[in-house]
Amino acid sequence: MNPLADDMNHILAHTNGLWEDLRDQRIFITGGTGFFGCWLLESFAWANAKLDLNATALVLTRNYDAFLKKAPHLATNPAIRFQVGDVRDFEFAEGDFPFVIHAATEASARLNEEQPRLMLDTIIEGTRHTLEFARHAGTKHFLFTSSGAIYGKQPPAMTHVPEEYGGGPDPGDAASAYGAGKQAAEMLCMTYAKQHGFHAKIARGFSFVGPYLPIDIHYAIGNFIRDGLRGRPVEVKGDGTPHRSYLYAADLAVWLWTILFRGESCYPYNVGSDRDVTVEQLAALVANCFEPACAIRVREQPRAEHPPERYVPSIRRAAELNLAVHTELREAIERTTNWYRLRNPR
């Protein structure tokens, strides 16, 4: 029994009619073993089997053995092959790949802080090299997973940041390397698409929750779930006032496949939920998913002179593709928590 079967059926139901484009085709995926990648591979394998697509995926990974331990059913799926290499200099596979998804990135807050040049190099050179591969492989549709970080700091008075917003990362702040790298990579995608005649689809990701999400790095929602699973108080490291929104991973997969197959070229789409909560409210939602409910500990007091930070997208463009938030946040948290319980039973 696949613990994600309900999610896979959800994805298939909301991508009905899209998969024919992939019948008898090959797709190349970078970042296929990360959070986004696992959901892309799970849904690809499910649709491939259920619809008898006869499609194959080639996935770039730096460590196949680690992925074999993480997701053996995907690592050994006969329709999915793996190529070991670095996104910045991998060898080009032979033959045509009409579809490419470039999801490889360094999303490490620690790397962004300690080695911003490496962060920039990985994002920009990795994107350039993958675009060169797409040109070599006769690619028709190229999906780049960008980030809402390209907008820089969202103005407090702007409740939902639209794709047209002209803000950007602060070039004087080394911590902006991630957002600046994604911004430059978007430009590369657009220039390659226009010069070489393929469609570049851009998905600007915000915040997410779901199975496979790391719960031991810098993601607040992952840390809260980890605290609850360990029977500890849910700890908010700041003052709990920032506003965030979270899209469930099954909805994320629907959005990414839809943008790949039906999105407009060189027309970025925000990918995320527009239903925001404060971080303290998020902590309470997570805490109440446990029985008994976990205690909540907020480290800092709010400061009246500082307006709350926001990181919440407008999803008007996504709605043009009939994309929507289907999974409520509480259900998304419960599904994620239950998945982790199944993987690590006490």
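**View 1. Tyr212, a buried residue with a positive phi.** In this predicted model, Tyr212 has a relative accessible area of 6% and is therefore buried, the cut-off for that term being under 20%. Tyr212 belongs to the loop that lies between strand E7 (208–209) and helix H8 (220–229). Its phi is near 80°, which is a positive value in a residue other than glycine.

**View 2. The open sheet and its edges.** The sheet is open and consists of 7 strands, which pair in parallel and follow the order E3-E2-E1-E4-E5-E6-E11. Strand E3 (80–84) and strand E11 (269–271) form the edges, each of them pairing on one side only. From one strand to the next, the twist averages 20°.

**View 3. Strand E5 and its two partners, E4 and E6.** Strand E4 (residues 99–102) and strand E5 (residues 141–147) are joined by 4 bridges in the parallel sense, and within this part of the sheet His102 stands opposite Phe144 of E5. Strand E5 also runs parallel to E6, to which 7 bridges join it, and here His141 has His199 in E6 as its bridge partner. Strand E6 itself is mostly covered, with 6 of its 7 residues buried.

**View 4. Helices H6 and H9 against the sheet.** Helix H6 (residues 116–136) packs on the sheet, where it touches strand E1 (26–30) together with E4 and E5, and its direction makes about 175° with that of E4. Helix H9 (residues 249–262) lies across E1, E4, E5, strand E6 (199–205) and E11, and it runs at about 160° to E6. Of the 14 residues in H9, 13 are buried, and the helix is thus mostly covered. At 1.5 Å a residue, the 14 residues of H9 should span 20 Å, and the C-alpha atoms at its ends are 19 Å apart, which agrees with that expectation.

**View 5. The crossing of helices H1 and H2.** Two packed helices are described by the angle between their axes and by the distance between those axes. For helix H1 (residues 5–14) and helix H2 (residues 35–50), the axes come within 10 Å and cross at roughly 75°. Because angles of 65 to 115 degrees count as roughly perpendicular, H1 and H2 are described as roughly perpendicular to each other. On the H1 side, Ala5, Asp7, Met8, Asn9, Ile11 and Leu12 take part in the contact, and they meet Trp39, Glu42, Ser43, Trp46, Ala47 and Lys50 in H2. The residues of this contact divide into 7 nonpolar, 2 polar and 3 charged.

**View 6. Helix H2 and the residue that follows.** Helix H2 has 16 residues and reaches 23 Å from its first C-alpha to its last, a value close to the 22 Å expected at 1.5 Å a residue. Since 14 of these 16 residues are buried, H2 is largely enclosed by the rest of the structure. The helix is followed by Asp52, whose phi is positive and near 50°.

**View 7. Backbone details in two further loops.** Asp24, placed in the loop between H1 and E1, is a residue other than glycine with a positive phi, near 60°. In the loop between helix H10 (279–287) and strand E13 (296–298) lies Pro292, and the peptide bond that leads from Glu291 to Pro292 is cis, with omega near -5°.

Note on methods
Residues are numbered from 1 along each chain as its sequence is written. This is a predicted model: local features need pLDDT of at least 70, side-chain atom pairs count only at pLDDT 80 or more; totals for chains, interfaces and linings use all residues. Side-chain values use heavy atoms; hydrogens and water are left out. Two strands pair if DSSP finds at least two bridges between them. Helices (H or I, at least four residues) and strands (E, at least two) are DSSP runs, numbered from the N terminus. Axes are lines fitted to C-alpha atoms, for helices over the stretch in contact, and angles run from 0 to 180 degrees between N-to-C directions. Contact means heavy atoms within 4.5 Å. Angles under 35 degrees count as roughly parallel, over 145 as roughly antiparallel, 65 to 115 as roughly perpendicular and the rest as oblique. Ala, Val, Leu, Ile, Met, Phe, Trp, Tyr, Cys and Pro count as nonpolar, Asp, Glu, Lys and Arg as charged, and the others, Gly among them, as polar. The expected span of a helix is 1.5 Å times one less than its number of residues. Buried means under 20% relative accessible area, exposed over 50%, partly exposed in between (1.4 Å probe, protein chains only).
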